[in-house]
Amino acid sequence: MDENISLPPVDLGPIRVKTPVVLSPMAGVTNWPFRVLCEEYGPEGLYVAEMITARALVARNPKALRLCRFAPTESPRSLQLYGVSPGITELAAKIVVDEHMADHVDLNFGCPVPKVTRRGGGSALPWKTGLFREILRRVVAVCEPAGIPVTAKIRVGIDHEHETFLEAGHIAQEEGCAAVTLHARTTAEYYGGHSDWSRIAELVESLDIPVFGNGDIWSAEDAMAMVRETGCAGVAIGRGCQGRPWLFGDIRNAFAGSDERIDPTLGEVGGIILRHAELLTEFYDGDEMMAAHDLRKHVAWYLKGFPVGGGTRRAFMECEDLADIRRQVAMLDADIPYPKAVENKPRGRVRYARKVHLPYGWLDSQELTEEQRRTVISADPLDASY
Ligand SMILES: Cc1cc2nc3c(=O)[nH]c(=O)nc-3n(C[C@H](O)[C@H](O)[C@H](O)COP(=O)(O)O)c2cc1C
């Protein structure tokens, strides 16, 4: 067992994150039902909602509004905005502030998905330092007076010839961000290989504000190793908790100096699946079918590595309501122990980008041309979680 490490709290403006462990925002995953499950295992962390497109929020797209909801138990309420247009992102932040929607706003500058980077958004954006600065400045100006800290989530860069993280970190610090999260991969690296934690150490070294390290934490031991190797103020967990919300309990134990780890049996995992289904039904205003469909990807993750046959997995994928899910859960062999073979191993997306998609001429200069400004800003999408 690695030597234990205990981490001091991290203050984001008025918010004290007692255990500096963050549930990294994941589109289609970190809605409030999943956040609640995670938070129950590690009640003192920071659990960020999936990204919400600023323009969709401004347009009051119902799906975007649903994504802005929190469970009454969630504290602090943390929401992530994605925008390319400074004006629209500022308006979205204003809605969050005026309508008391959240206690913390994270800004997404890390998304590598082609439909986002092709429009100059997500991880493509910090390359245009002026635009990046303008978005941060305008959002901080709206949020800070209301006591809402703003953080930025970034990648190392677009590729190794176009690294942005050090400059982006400094701009975020100068513009009043309370912290930065670095996913230590480039856009081109997407989710492939292992993230390069030495880049996190570089950023920690170069900034005064807290840096949350992100990338390839699959276990409490990985979380401790990242802290030890990088000196980061906290860690952010994405794929590692897919189908394993108890990972936050393990990490909390580790940072509290305890070797205790949670290894649920299949029966216990079945109980979590059912609870997740019930919470999702609430999230979808009682629509059990939507809940059952949303649950499918989670069930695949929950059952990963368990000796459960293809027939059972298929049956879960065909569930259409809570009664179906209850029936399938009841049929699981409750005594099967947690499969050690998949514990602490990569899960979810693991591939490299085939190609980085960017707006025409994007890499020619770090200045945004007038034409680029017009095209990227008018292309800001209306979809809720883009
Ligand atoms: C399915 C999925 C959805 C994601 N959605 C978002 C998102 O909405 N906002 C964001 O900033 N990052 C998003 N990410 C990136 C994660 O927050 C995280 O930075 C990344 O997965 C690396 O951390 P990990 O190695 O712990 O998974 C997503 C990742 C995955 C796998």
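Pro76 lies in the loop that links α3 (62-67) to β5 (78-82). In this predicted model, the peptide bond between Ser75 and Pro76 is cis, with omega at about -5 degrees.

## Positive phi angles

Two residues that are not glycines also call for attention because of their backbone angles: Tyr190 has a positive phi of about 55 degrees, and Asp285 has a positive phi of about 55 degrees. Tyr190 is placed in the loop between β9 (179-186) and α8. Asp285 belongs to the loop between α11 (266-283) and α12 (288-302).

Are these two residues buried or exposed? Tyr190 has 20 C-beta neighbours inside 10 Å and therefore counts as buried, the limit being 20 or more. Asp285 has 9 such neighbours inside 10 Å, so it counts as exposed. The table sets out these two residues.

| Residue | Phi | C-beta neighbours inside 10 Å | Class |
|---|---|---|---|
| Tyr190 | about 55 degrees | 20 | buried |
| Asp285 | about 55 degrees | 9 | exposed |

## The surroundings of the ligand

Which residues come nearest to the ligand? Of the 24 residues around it, these are Ser24, Met26, Met51, Gly238 and Arg239. The shell around the ligand is made up of eight nonpolar, 11 polar and five charged residues. An unreviewed UniProt entry carries the annotation "binding site" for Pro25, Met26, Ala27, Gln80, Lys153, His183, Gly238 and Arg239. Met26, Gly238 and Arg239 are thus named in that record and also come among the residues nearest to the ligand.

Met26 sits in the loop between β3 (21-23) and α1 (32-41). It counts as buried because it has 21 C-beta neighbours inside 10 Å. Apart from neighbours within four places in sequence, Met26 is in contact with Glu50 and Gly238. Gly238 is itself one of the residues that come nearest to the ligand.

Arg239 is located in the loop between β11 (234-237) and α10 (247-255). With 21 C-beta neighbours inside 10 Å, Arg239 is likewise classed as buried. When neighbours within four places in sequence are set aside, its contacts are with Arg347, Gly348 and Arg349.

## Helix α10

The loop that holds Arg239 leads to α10. How many residues of α10 are buried? Seven of its nine residues are, and the helix is mostly covered. The buried residues are Leu247, Phe248, Asp250, Ile251, Arg252, Ala254 and Phe255. Among the elements that cover them are β3, α1, α9 (220-230) and β11. Of these, β3 and α1 border the loop of Met26, while β11 borders the loop of Arg239. Just after α10, Gly257 adopts a positive phi of about 85 degrees.

## The crossing of α7 and α8

Helix α7 (residues 165-174) and helix α8 (residues 197-206) have axes that come within 10 Å and cross at roughly 35 degrees. Their crossing is right-handed. On the side of α7, the contact is formed by Phe165, Leu166 and Gly169, and on the side of α8 by Arg199, Glu202, Leu203 and Ser206. By type, the residues of this contact are three nonpolar, two polar and two charged. Helix α8 also ends the loop in which Tyr190 is placed.

Technical notes:
Residues numbered from 1 in each chain as written. Predicted model: local features only at pLDDT ≥ 70, side-chain atom pairs only at ≥ 80, totals over all residues. Near = placed C-beta within 6 Å. Nonpolar A, V, L, I, M, F, W, Y, C, P; charged D, E, K, R; others polar. Axes fitted to C-alpha atoms, helices over the stretch in contact; angles between N-to-C directions. Helix = DSSP H or I, 4+ residues; strand = E, 2+ residues; numbered from the N terminus. Left-handed = near helix turned anticlockwise from the far one by under 90°. Contact = placed C-beta atoms within 7 Å. UniProt positions renumbered as here; feature names shortened; annotations may be inferred. Buried ≥ 20, exposed ≤ 12 C-beta atoms within 10 Å, placed from the backbone.
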